[in-house]
Amino acid sequence: MAQISKNARGASSTHHFYCPCGGEIKMKTIFDSGKVKNVAECDKCKRVERRPNDFK
Ligand SMILES: [Zn+2]
């Protein structure tokens, strides 16, 4: 009866990124000029970069 989804695992990344200030970086989706963009924002200092890897 129970249905097991093959896609149940791996849907969300467990990767965490941290800003040099020590804050955790969160991914955000914003709308810019009618386009959807993903940006990374530090929870603490509110620094915004295009990708989490740019926080170095
Ligand atoms: Zn920061």
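1. S33 has a relative accessibility of 67% and therefore counts as exposed, the threshold being over 50%. The residue is found in the loop between β2 and β3. Its phi is near 50°, a positive value in a residue other than glycine. For context, most residues other than glycine have a negative phi. The model under discussion is a predicted one, and the remarks below should be read accordingly.

2. The loop that holds S33 belongs to a hairpin formed by β2 and β3, with two residues between the strands. Strand β2 covers residues 24-32 and strand β3 covers residues 35-42; the two pair in the antiparallel sense over eight bridges. Within this pairing, T29 stands opposite N38 of β3.

3. On the other side of β2, two bridges join that strand to β1, and the two run antiparallel. Both partners can be named: F17 is bridged to I25 in β2, while Y18 is bridged to E24 in β2. The hairpin of β1 and β2 has five residues between the strands, and G22 takes a positive phi near 100° there.

4. β3 also pairs with strand β4, residues 48-49, in the antiparallel sense over two bridges. A40 has E49 in β4 as its bridge partner. Five residues lie between the strands in the hairpin of β3 and β4. K46 lies in the loop between these strands, and its phi is positive, about 65°, although K46 is not a glycine.

5. Taken together, four strands form an open sheet in the order β1-β2-β3-β4, with antiparallel pairing. β1 (17-18) and β4 stand at the edges with a single partner strand each, so one side of each is left without a neighbour in the sheet. As a general matter, strands of a sheet pair through backbone hydrogen bonds.

6. Which residues supply the protein donors of the zinc ion? They are C19, C21, C42 and C45, each through its SG atom, at 2.3 to 2.4 Å from the ion. The spacing of these donor residues in sequence is C-x1-C-x20-C-x2-C. C19 and C21 fall within the five residues between β1 and β2 in the model's hairpin numbering, whereas C42 is the last residue of the range given for β3.

7. Why is the arrangement around the zinc ion classed as tetrahedral? The four donor atoms subtend angles of 102 to 117°, and four donors count as tetrahedral because all of the angles lie between 85 and 135 degrees. The ideal angle for four tetrahedral donors is 109.5 degrees.

8. The donor cysteines should also be considered by accessibility. C42, at 0% relative accessibility, counts as buried, and C19, at 6%, is likewise buried because the limit is under 20%. C21 has a relative accessibility of 32% and so counts as partly exposed. C45, at 40%, is also partly exposed, because its value lies between the limits of 20% and 50%.

9. A final point concerns the cysteine sulfur atoms. With a cut-off of 2.5 Å between such atoms, the count of disulfides is zero. The SG atoms of C19, C21, C42 and C45 are instead listed as donors of the zinc ion.

Key
Residues numbered from 1 in each chain as written. Predicted model: local features only at pLDDT ≥ 70, side-chain atom pairs only at ≥ 80, totals over all residues. Heavy atoms only, no water. Pairing = 2+ DSSP bridges. Buried < 20%, exposed > 50% of the residue type's maximum accessible area, 1.4 Å probe, protein only. Donors = N, O, S within 2.8 Å, 3.2 Å for Na, K, Ca; no water. Tetrahedral: all angles 85-135°; square planar, octahedral: opposite > 155°, others 65-115°.
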